[in-house]
Amino acid sequence: MDEPGRDPAADLMVDGNAVAGTLMGVFGEEVTTMPGQCAHCGTVNMIGGMHAYIRGPGIVLRCPVCHGVVIRAVERGDATYVDAQGMRYLRFRQSTVIGR
Amino acid sequence: MPRPIEWQLGTVTGIQTETPTVRSFTLGLPEWSGHRAGQHVDIRLTAEDGYSVERSYSIASEPELAGQLEITVERIPNGEVSPFLHDVVVEGDRLEVRGPIGGYFVWETGLGGPLFLVAGGSGVVPLMAMLRHRARAGSTIPTRLLFSSRGPDEIIYRDELDRLAGHGDGLEVAYTLTRQQPPGWTGYSRRIDDRMLDEVLEPLGSGARTYICGPTALVETAANALLRLGLPADRIRTERFGPTGT
């Protein structure tokens, strides 16, 4: 915070854990331990370990390795718009999908 | 039983002052599904005109407490939710609660140890849930907490932490006070740095399961230092609060 040259925006970053409630509303399941592959660099990380920016009008999840945008989500009216272009895949456990 | 995604009403059954700016709220939740240490809840406030605002708060209490949970909230002067909780809410009031949320920043005795916890300010809250769970389970897993606060009056849960550390069951607590130290202070007196982390971590070894929670800058500093000290990245879990004091 007091370090010279530090990007002030860096302090706004939180973890994917912080958007767990919003994403649970989208996916209907707890997602922070769900692995996903970054479409930019190919790294696989759990959602909870990704970097989240939540101070804007929506939420942005970035890859913790290459900092590429993996998911953007914006709530508008009674809908949530999700752009997941930066996420090559998300791995849902079958038990969390089947039988719901 | 409501699913974690559904809002339920909790009744405030207790309010405790922890420090001049931090209070704990006990919520009675008859239909609470139970949680794991480290998880959080969302609290939603709705005004008469329908405007609503949500905030996430870490659960401070151990999972062993049935039908209730405790959150510990720092009052943020320009906040939308924490001043309401501090200044307006009284026992008997009801709040909308959703959770438990998150599975990433979670520790339970079954995961084993050694356990290394690093906290800045109210970042101690989810770690306290882990320590209370550890104590309630009778665990002797070697555990160390490094806890950074600004001054002696701002150490959240200090009495309870000292009591837990006095049990001789393998828990040790190291404090650092970054701005103001009382006379005769024997703890650390600076921001968390590589040498401090190395000293506190050393007895646990570099295989310790590590949880770091606090303001983003503190978490970054600690996580990067621990990687330099040789802790594997997959042993480190972080929860960043964002900028200090917001």
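A residue counts as buried if 20 or more other C-beta atoms lie within 10 Å of its own. With that in hand, welcome to this structure, which is a predicted model. By that yardstick, 33% of the 100 residues in chain A are buried.

**Chain A**

Let us begin with the make-up of this chain. Chain A holds one helix and eight strands, and along the sequence they come in the pattern β-α-β-β-β-β-β-β-β. How much of its contact network joins residues at least 24 apart? Taking contacts in chain A between residues at least 6 apart in sequence, the share is 46%.

A good place to look is the pair β6(A) and β7(A). Strand β6 of chain A covers residues 69–76 and strand β7 of chain A covers residues 79–83; the two run antiparallel and are joined by five bridges. One of the pairings sets Ala73(A) against its bridge partner Val82(A) in β7(A). Together the strands make a hairpin with two residues between them. In the turn you will find Gly77(A), whose phi is positive, at about 60°.

**The open sheet of chain B**

Now turn to chain B, where six strands form an open sheet in the order β4-β3-β6-β1-β2-β5, with antiparallel pairing. Its edge strands are β4 (52–58) and β5 (68–74) of chain B, each of which pairs on one side only. From one strand to the next, the twist averages 40°. Helix α1 of chain A (residues 20–27) packs on this sheet, where it touches β3 (40–46), β4 and β6 of chain B. The direction of α1 of chain A makes about 75° with that of β6(B).

Inside the sheet, strand β1 of chain B (residues 8–19) runs antiparallel to β6(B), and four bridges join them. Gly10(B) stands opposite Leu95(B) in β6(B).

**Where the chains meet**

The contact between the chains draws 19 residues from chain B and 19 residues from chain A. On the chain B side, β6 (94–101), α5 and β11 (236–240) each supply at least two residues. Which element of chain B gives the most to this side? That is β11(B), with three residues. The chain B residues that touch chain A divide into eight nonpolar, seven polar and four charged.

**A helix with two sides**

Helix α4 of chain B (residues 194–201) has three buried residues: Leu197(B), Val200(B) and Leu201(B). Why do they share one side of α4(B)? They cover an arc of only 95° around the axis, which puts them on the same side. An α-helix has 3.6 residues a turn, so residues three or four places apart point the same way. On the other side of α4(B), Arg195(B) and Glu199(B) are exposed. The cover over the buried residues of α4(B) includes β7 (115–120), β8 (143–149), β9 (171–177) and α5 (216–228) of chain B.

**The core, and two contrasting residues**

The largest nonpolar core has 84 residues, and those with the most contacts inside it are Leu117(B), Leu127(B) and Ala222(B). Helix α2 of chain B (residues 124–136) provides the largest share of this core, seven residues. Apart from neighbours within four places in sequence, Leu117(B) is in contact with Leu127(B), Met130(B), Leu145(B) and Tyr211(B).

Tyr211(B) lies in strand β10 of chain B (residues 209–214). Is Tyr211(B) buried or exposed? Tyr211(B) is buried, because 25 other C-beta atoms lie within 10 Å. Beyond residues up to four places away in sequence, Tyr211(B) touches Phe105(B), Trp107(B), Leu117(B), Leu127(B) and Arg237(B).

Asp153(B) sits in the loop between β8 and α3 (158–165) of chain B. Asp153(B) is exposed, since 12 other C-beta atoms lie within 10 Å, and the cut-off for exposed is 12 or fewer. Setting aside neighbours within four places in sequence, Asp153(B) is in contact with Thr19(B) and Pro20(B).

The table pairs each of these two residues with a partner elsewhere in chain B.

| Residue | Partner | Separation in sequence | C-alpha to C-alpha |
|---|---|---|---|
| Tyr211(B) | Leu115(B) | 96 residues | 8.1 Å |
| Asp153(B) | Val41(B) | 112 residues | 27 Å |

Methods. Residues are numbered from 1 along each chain as its sequence is written. Chains are lettered from A and ligands numbered from 1 in the order in which they are written. This is a predicted model: local features need pLDDT of at least 70, side-chain atom pairs count only at pLDDT 80 or more; totals for chains, interfaces and linings use all residues. Two residues are in contact if their C-beta atoms, placed from the backbone, lie within 7 Å. The arc is that of the directions from the helix axis to the C-beta atoms. Ala, Val, Leu, Ile, Met, Phe, Trp, Tyr, Cys and Pro count as nonpolar, Asp, Glu, Lys and Arg as charged, and the others, Gly among them, as polar. Two strands pair if DSSP finds at least two bridges between them. Axes are lines fitted to C-alpha atoms, for helices over the stretch in contact, and angles run from 0 to 180 degrees between N-to-C directions. A nonpolar core is a set of buried Ala, Val, Leu, Ile, Met, Phe, Trp, Tyr and Cys residues joined through C-beta atoms within 7 Å.
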